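Here is a friendly tour of one protein model, written to be read with the structure open beside you. Please turn the model around as you read and look for each part when it comes up.

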Amino acid sequence: MGTSWDGAPEAERERPGSVGNSVSGGAVVGNVVQTGSIGSFYLGDGGHAGGLPTPDDWPRPDELLPFDFGVRISRTFRDESDLTPYVERDHDVRLGNLVRDGAESGGLVVVTGERLSGKTRTAYEALSAGLSHRGKVFAPSPGTDLRTLPTLLRGRSDGPYALWLDDLEGHLGGHGLTPGLLTHLIQQRVLVVATMRDEEYEKHRFGSSASSRVLVRAETVELSSRWSEDELSRLTDRSADDPRLAGALYWRGESGVTEYLAVGPDLWAEWDRARRPSVHPRGHLLVRAAIDLARHGIAVPVPLLLLRSVLEEYGPGLADAGRESFEDAFAWATEIRHGVTGLLVRGWEPDTWQVYGSLLVDASRSPDMARFPYRAWARVVDIAEEEDLLDHGTALAAARAALLPQAEKGDIDAMFLLATYCDEAEDVAEAAHWYRAAADADASNAFVAGEYLARHVGDLEAIPYLRTAAEAGNRLSARVLGRLLRDQAEYWLRVAAEEGDEEAAYELSRLPSRPGRAEVISRLYSEAEALGDQQAESTPQDDVDTVDG
């Protein structure tokens, strides 16, 4: 019995058979359809020893989707592309040279780095660019028996051929990539491109194991989730091409760019599904409160007290939220995902929190994000004023900015609240404008509008609104209106009397006197008397001085 190159008995070696359309043992042996037939792409499972597709059936890189190589999807919404535009990393030039050289003469290239540092995407981009249009790639899943590869490739003069091993640690071992197999592949000018997390590389690289003897022959390229200034500069240049890149640039916080892009879609999906009664309905609303505040201008850590207060204004969702305690909701919202972040991120002050940046960016682009309840703004402004937990001016500015678009669309409640917050901000012109608009749209707001206009703008502006309210039965409005009309009557009678009008002086003398006004009326009466107003002489002066308005 003969012996194979790796020491296995010849009879035990799997030989390539005919390729048919079937799925066996988790291995795809035949055509795989992804928007059309792409030939053969092997997706073996760890327990399948053999049955590898022949190199003729290996697809070209451009016949596969990036996700077939293990690249994480970056899409959150249906109208987005599956991936963000690729931003060049500092080591791309060296990596590209290694891949091109390996495609010509064979070799092992390993991209290492922290978890979610972009290893797979970077290696995929290098392989796609470095393998010629005739190149073929074989991407088995971890645990696939690779021992027959040299036999499949023996004597072939075409190519180039590449073996893609994402998460290389899953492809090491007796049936995987051994020192002997690597030697044969290099002799056959096969390029092996692999990725490996730092901790796995350290675990397998050093020592005297077979895995160490594989890795010592590798050309390695190291990536970090913390981008260099040059990489961030290139990200800035590309950020205009895709809002997800802009989000990573400005809203990643303490996390890395690739971490932000990797976890964002999962965080959004988890938060969105948590609204169901059986999951985390109160946790969903707690995070929504932080999202709403941030997307309306309060994009800073805020006290947990404020978030808890705001979530109580979310109406129908509170019925389901009652099934979950606040403590459980908070624990779920702050739990660290993927070793990167929670949905809520701790602020720099004790007991302050803010939403993770990707959730804010996705919420700003979501067509289904509900409006922030108007009542919640009252909670925000009141807490900011009373508890000194948030700058009051910031809260007012956020409330005004949020309400303005709705007020301009004719929302009466938004008009009235906007006027209220403009008043608090001492913006008289804007407050008067929106009080008028609210009263013009709904007469029930007429008294408040009239009373504000009387105090801050003028009687003539106020009187029409007060009259509307008084005619509708508002007793307080009638009283205020009466006083304004009395003052208006006094003013115009005084104007006429000072111009020498005798009847005006007489009528003015008959008005009830108020403190400080008796002297003026007495003077005007004397002037009228001098003009010969006999009717005025019949009115006792004591009556003028003693009437109390």
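Among the elements that line the second largest pocket, α10 gives the most, with four residues. Keep in mind that the model you are looking at is predicted. The second largest pocket holds about 450 Å³ of space. Of the 19 residues in its lining, Trp271, Asp272, Arg275, Asp368 and Met369 lie nearest the centre. Two or more lining residues come from each of α9, α10 (281-295) and α12 (317-321). Where does this pocket lie with respect to domain 1 (55-225) and domain 2 (243-390)? Both domains give residues to its lining, so the second largest pocket lies between them.

Now move to the largest pocket, with its volume of about 530 Å³. Its lining is made of 30 residues, and those nearest the centre are Arg72, Gly118, Lys119, Arg121 and Ala262. At least two lining residues come from each of α2 (119-130), β8 (190-197) and α9 (257-273). Domain 1 and domain 2 both give residues to this lining too, so the largest pocket lies between them.

Some empty space is closed off. There are three cavities of 30 Å³ or more, and the largest cavity has a volume of about 90 Å³. Ser74, Thr76, Arg244 and Tyr260 are among the residues that line the largest cavity. Helices α9 and α14 (357-365) each supply at least two residues of that lining.

What kinds of residues line these spaces? The table sorts them by class.

| Space | Nonpolar residues | Polar residues | Charged residues |
|---|---|---|---|
| Largest pocket | 13 | nine | eight |
| Second largest pocket | eight | four | seven |
| Largest cavity | four | four | three |

Next come the sheets. As a reminder, strands of a sheet pair through backbone hydrogen bonds, either parallel or antiparallel. Which order do the strands β10, β11 and β12 take in their open sheet? The order is β10-β12-β11, and the pairing is antiparallel. β10 (302-303) and β11 (344-346) stand at the edges with a single partner strand each, so one side of each has no neighbour in the sheet.

You can follow the pairing residue by residue. β11 and β12 (residues 352-355) run antiparallel and are joined by three bridges. Leu344 has Val355 as its bridge partner in β12, while Val345 stands opposite Gln354. On the other side, two antiparallel bridges pair β10 with β12, and Pro303 stands opposite Thr352 in β12. Helix α10, which you met at the second largest pocket, lies across β10, β11 and β12 and runs at about 80° to β12.

The hairpin of β11 and β12 has five residues between the strands, and Asp351 takes a positive phi near 60° there. Another residue with a positive phi is His338, whose value is near 55°. You will find His338 in the loop between α13 (326-334) and β11. Why point these out? Most residues other than glycine have a negative phi, and most peptide bonds are trans. That second part leads to one more spot to look for: the peptide bond from Gly159 to Pro160 is cis, with omega near 5°. Pro160 lies in the loop between α3 (149-153) and β7 (161-165).

Strand β7 also takes us to another open sheet, with five strands in the order β6-β7-β8-β5-β9 and parallel pairing. Here β6 (136-138) and β9 (219-223) are the edge strands, each with a single partner strand, so one side of each is left without a neighbour in the sheet. On average, neighbouring strands of this sheet are turned by 20° against each other, direction ignored. β7 and β8 run parallel and are joined by five bridges, and Leu165 has Ala194 as its bridge partner in β8.

Two helices to look for lie across strands of this sheet. Helix α4 (residues 179-187) lies across β5 (107-113), β7 and β8, at about 135° to β8. Helix α5 (residues 198-205) lies across β5, β8 and β9, at about 115° to β8. Strand β8 is also a link back to the pockets, as it supplies at least two residues of the lining of the largest pocket.

Conventions
Residues are numbered from 1 along each chain as its sequence is written. This is a predicted model: local features need pLDDT of at least 70, side-chain atom pairs count only at pLDDT 80 or more; totals for chains, interfaces and linings use all residues. Side-chain values use heavy atoms; hydrogens and water are left out. On a 1 Å grid over the protein atoms alone, a cavity is a set of points where a 1.4 Å probe fits but cannot get out, and a pocket is an open set with protein on both sides within 12 Å along at least five of seven lines; lining residues have an atom within 4 Å of a point. Grid points are joined across faces, edges and corners, and a volume is the space filled by probe spheres set on the points. Ala, Val, Leu, Ile, Met, Phe, Trp, Tyr, Cys and Pro count as nonpolar, Asp, Glu, Lys and Arg as charged, and the others, Gly among them, as polar. Domain bounds come from an automatic or database domain assignment. Two strands pair if DSSP finds at least two bridges between them. Contact means heavy atoms within 4.5 Å. Axes are lines fitted to C-alpha atoms, for helices over the stretch in contact, and angles run from 0 to 180 degrees between N-to-C directions.
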